[in-house]
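Let's take a walk through this fold together. Have a look at the structure, and then we'll go from the whole chain down to one pair of residues.

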Amino acid sequence: GLPREVAQRVLDFMPWPAQVATSDGRSVLLWKVGPPRSRRTLRGHSAAVVDIKFFPSGDHLLSVGADGSVIIWSTDSGRARRALRGLFEAREAQVFPRGD
């Protein structure tokens with residue numbers, strides 16, 4: 001996996017609803033910025049998180065781990081909606097404007 005300091009630089013921002021996602025090693029930290037403020041820790045990767053992207057609607061978040069896992073999270077519940085594990089070596093998250 002990647003060194004922890006590299007994974008900590010992963011970040012994405014969603015202007016509305018105001019949310020920020022960052023990584024902390026193998027976890028994703030989801031910050032709700034405007035009232036009420038909150039922070040959730042999303043756990044599911046066994047290696048460093050290498051990329052994160054919000055869906056255009058802001059209701060889901062895609063994270064990619066150095067372990068080859070790709071997880072779609074609900075930003076409302078903080079729960080994993082779908083997970084693909086060990087099927088390929090993903091290094092970048094991409095979500096298309098329609099949310100595909």
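A quick word on terms before we start: helices and strands here are DSSP runs, at least four residues for a helix and at least two for a strand, numbered from the N terminus. Keep in mind too that you're looking at a predicted model. With that settled, read along from the N terminus and the elements go α-β-β-β-β-β-β-β-β. In other words, the chain has 1 helix and 8 strands.

How much of the chain is buried? Of its 100 residues, 43% are buried. The accessible surface adds up to about 6000 Å², and carbon and sulfur atoms hold 52% of that. As for contacts with a separation of 6 or more, 36% of them link residues 24 or more positions apart.

Now for the sheet. Strands in a sheet pair through backbone hydrogen bonds, and they can do that parallel or antiparallel. In this chain, an open sheet of 4 strands runs in the order S5-S6-S7-S8, and the pairing is antiparallel. Why do S5 and S8 each have a side without a neighbour in the sheet? Strand S5 (49-54) and strand S8 (80-84) sit at the edges with a single partner strand each, so one side of each has nothing next to it in the sheet. On average, neighbouring strands of this sheet are turned by 15° against each other, ignoring direction.

Let's zoom in on S6 and S7. Strand S6 covers residues 60-65 and strand S7 residues 70-74, and 5 bridges join them in the antiparallel sense. If you'd like one pair to find on screen, pick Leu61: its bridge partner in S7 is Trp73.

How values were computed
Residues numbered from 1 in each chain as written. Predicted model: local features only at pLDDT ≥ 70, side-chain atom pairs only at ≥ 80, totals over all residues. Heavy atoms only, no water. Buried < 20%, exposed > 50% of the residue type's maximum accessible area, 1.4 Å probe, protein only. Contact = heavy atoms within 4.5 Å. Areas by Shrake-Rupley, 256 points an atom, 1.4 Å probe, with all protein chains shown as cover. Pairing = 2+ DSSP bridges. Axes fitted to C-alpha atoms, helices over the stretch in contact; angles between N-to-C directions.
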